[in-house]
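Visitor: I would like a close look at a single part of this model. Please take one stretch and follow its connections step by step.

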Amino acid sequence: MFNVKATGSINQQRVVNVVMTTGDGFKTDVARDLYYTWEHGEEMLLYRVDWNTLRTSNGKKVVDAEMAIVLISALPETEALNTPVTQNVTFEVQGATRRYDEDGYPFTLSAEDFDDGIFTDTIKYFNFGKPGDFGVDENGEVIDNTSDDSHAGDHTATTGLNGSKPASSAAGH
């Protein structure tokens, strides 16, 4: 007699605080569209963007992102005090999110992947990135001293995906 153990299927969930639009003057009514998707059990795409990874790669501004096919499992009617109407929506990921390629490098999105102006407005509004590298000045002009840091991670923290050991570990430091 023996015990057989194995991991279950990949199971991921995302809970997102969604700010609802009013439907007047916007391209869509977010609350209506989410309700319709939930009510009909439809799958949708959910992107998660890490604006803190903003950098220049091959002459374009990019940010790391992940994509998942999701179902909405819970659509609670919640209200926040003194803020826009929001809902904490629970998304059930179908399969697994796609965040890294097979070499361990993150997938990225650039300005062309967003609706007109969203990428630029977001980085300008939130002043993401290292404060001295990217942001806006007092006149709203973009400051851009970023460079491609896609291979600038802390190599002493782990073994590379290709099995290589960090130089400082190999030397016994």
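Is Asn58 buried or exposed? Please start there and work outwards through the strands on either side.

Guide: Asn58 counts as exposed, because its relative accessibility is 77% and the cut-off for exposed is over 50%. Keep in mind that this is a predicted model.

Start with the position of Asn58. The residue sits in the loop that links strand E2, residues 44-57, to strand E3, residues 60-74. Its phi angle is near 55°, which is a positive value in a residue other than glycine. The loop belongs to the hairpin of E2 and E3, with 2 residues between the strands.

Now move from the loop into the two strands. E2 and E3 pair in the antiparallel sense, and 10 bridges connect them. To find one such place in the model, look for Val49, which stands opposite Ala65 in E3.

E3 has further partners. Strand E4, residues 86-93, runs antiparallel to E3 and is joined to it by 4 bridges. Here Ala74 stands opposite Thr90 in E4. Strand E5, residues 108-110, is also antiparallel to E3, with 3 bridges between them. In this case Val62 has Ser110 in E5 as its bridge partner. E3 is thus a good strand to trace by eye, since its bridges lead to E2, to E4 and to E5.

Return to E2 for the side chains. The structure holds 4 aromatic pairs. One of them is formed by Trp51 and Phe114, whose rings are 5.6 Å apart centre to centre, with 40° between the planes, a tilted arrangement. Trp51 lies in strand E2, while Phe114 lies in the loop between E5 and helix H2 (118-126), so the pair ties together parts that are 63 residues apart in sequence.

Phe114 has another ring partner, Phe119. Their ring centres are 5.5 Å apart and their planes are at 55°, so this pair is tilted. Trp51, Phe114 and Phe119 form one aromatic cluster.

Accessibility gives a contrast with the starting point. Trp51 is buried because its relative accessible area is 14% and the cut-off for buried is under 20%. Phe114 and Phe119 are both buried. Asn58, in the loop after E2, is exposed at 77%, whereas Trp51, within E2, is buried at 14%.

Definitions and conventions
Residues are numbered from 1 along each chain as its sequence is written. This is a predicted model: local features need pLDDT of at least 70, side-chain atom pairs count only at pLDDT 80 or more; totals for chains, interfaces and linings use all residues. Side-chain values use heavy atoms; hydrogens and water are left out. Buried means under 20% relative accessible area, exposed over 50%, partly exposed in between (1.4 Å probe, protein chains only). Two strands pair if DSSP finds at least two bridges between them. Rings of Phe, Tyr and Trp (its six-membered ring) pair if their centres lie within 6.5 Å; planes under 30 degrees apart count as stacked, over 60 as edge-to-face and the rest as tilted.
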